[in-house]
Amino acid sequence: MNPSQFAYERAESVDEAITLLQEHGDGAKLVAGGHSLLPIMKLRLAEPETLIDIGRIPELRDVRRDDGEIAIGALTTHHQIETDAQIRAVVPLLADTAARVGDRQVRNRGTIGGALAHADAAADYPAAILALDAKIVTRGPQGERRIPAREFFLDFLTTALQPDEVLIEVRASVPAEGHGWSYQKLANQASGYAIVGVGVIVVADGDGACSDIRVGVTGTAAVAWRAEATEAALRGHRLETGAVAAAADLVDGGIDALDDLHGSAGYRRRVTRGLTRRAILEAAGRARLG
Ligand SMILES: Cc1cc2nc3c(=O)[nH]c(=O)nc-3n(C[C@H](O)[C@H](O)[C@H](O)COP(=O)(O)OP(=O)(O)OC[C@H]3O[C@@H](n4cnc5c(N)ncnc54)[C@H](O)[C@@H]3O)c2cc1C
């Protein structure tokens, strides 16, 4: 099916994109890589009157170290995140996650900003962004905001972004030297989307235990979450197999698991616990805590 008719504007800067969003109001949508928006426009699930193309704004392409953090511009593609030497060295969890998104064509066109703004329940990045405790930086008419990942994902396809804001970059604190990481995913075989995806960061305390652990989960529920009970059960302890298995069984407590044609709620819960266990053990091995 073809999309409904729409007008097309191209923004040359973030400020121009914000002005265009204000001018066109509710009928306007930003487009970056187009790999989430255009498919839903073709299905007529979205019918924007005006598309504002932000895909050629140079300031959204930057990847840089800044004040103990790595800042990744919104237009950075999944392929760039997978292959950028700086990102791989500093936040390998994000590089590994990007490598698991869709197929090569999707990774070449899709952007991290578009993926986070779209907030598909089955998207991969939310798990990694939550485990990294990253911040999402937005700019709108009132200026810039730095939104912690935990406050960004609100519901299915719903984020803390305001309609007149542009997501400009993602900032992650540089994890401790020698940290461990893992992204584990059960992919839908047709699309590649995550039926369940689990991202983990583990930091060793130098004494054989973990001083910090952060676990982000995507796919299982309408919105991605931090598995706080699992983290609390392991923080400050040795990551032995039995303790990890017991903590992983806490991962879906209080979560309303999705139940759809891709998997029942019970199946998703079992997969989530299994992948959480696997991800923590892999991260622990990389932090030499296994
Ligand atoms: C066949 C296929 C398979 C896929 N498989 C996976 C997968 O396995 N895992 C996965 O995570 N994703 C998957 N995706 C989605 C893919 O990752 C998209 O690239 C991504 O979700 C959207 O990025 P985009 O740049 O294409 O955004 P667009 O489609 O251009 O935009 C998506 C939404 O975000 C908004 N937006 C875009 N950029 C910004 C910005 N900077 N600020 C504010 N709002 C913005 C747009 O207005 C729109 O509402 C798949 C897509 C396809 C088509």
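Good morning. I begin with helix H5, where Pro-92, Leu-93, Leu-94, Ala-95, Thr-97 and Ala-98 are buried. The model under discussion is a predicted one. Helix H5 spans residues 92-99, and because 6 of its 8 residues are buried, the helix is largely enclosed by the rest of the structure.

I turn next to the ligand. Which residues are closest to it? They are Leu-30, His-35, Ser-36, Thr-111 and Asp-124, out of 30 residues that surround the ligand. By character, this shell divides into 15 nonpolar, 12 polar and 3 charged residues.

Three polar approaches to oxygen atoms of the ligand deserve mention. From Lys-29, a polar side-chain atom lies 3.3 Å from a ligand oxygen atom. At Ala-32 the backbone takes part, with a polar backbone atom 2.7 Å from an oxygen atom of the ligand. For Thr-111, the distance between a polar side-chain atom and an oxygen atom of the ligand is 2.6 Å. As for coverage, the ligand taken alone exposes 980 Å², of which the protein buries 90%.

Which elements give two or more residues to the shell around the ligand? They are strand S2, residues 28-31, helix H7, residues 112-118, and strand S10, residues 166-173. The most is given by H7, which contributes 4 residues to the shell.

Let me now move to strand S11, residues 180-187, in which Gln-184 lies. Is Gln-184 buried or exposed? Its relative accessibility is 13%, below the 20% cut-off, and Gln-184 therefore counts as buried. The side chain of Gln-184 also has polar partners. One polar contact, of 3.2 Å, joins the side chain of Gln-184 to that of Ser-182. Another, also given as 3.2 Å, is made with the side chain of Glu-282.

I close with the aromatic residues. How many aromatic pairs does the structure hold? There is 1 aromatic pair. The pair is formed by Phe-152 and Phe-153 in an edge-to-face arrangement, with 5.2 Å from centre to centre and 85° between the planes. Phe-152 and Phe-153 are both buried. A further ring to consider is that of Trp-181: Arg-286 lies over its face, at 4.3 Å from the ring centre.

To review the ligand site once more, the protein buries 90% of the area that the ligand exposes alone, and helix H7 is the element that gives the most to the surrounding shell. Thank you for your attention.

How values were computed: Residues numbered from 1 in each chain as written. Predicted model: local features only at pLDDT ≥ 70, side-chain atom pairs only at ≥ 80, totals over all residues. Heavy atoms only, no water. Phe/Tyr/Trp six-rings, centres within 6.5 Å; stacked < 30°, edge-to-face > 60°. Buried < 20%, exposed > 50% of the residue type's maximum accessible area, 1.4 Å probe, protein only. Lys NZ or Arg CZ within 6 Å of the ring centre and 35° of its normal. Near = heavy atom within 4 Å. Polar contact = N/O pair within 3.5 Å; in protein donor to acceptor, adjacent residues only side chain to side chain. Areas by Shrake-Rupley, 256 points an atom, 1.4 Å probe, with all protein chains shown as cover. Nonpolar A, V, L, I, M, F, W, Y, C, P; charged D, E, K, R; others polar.
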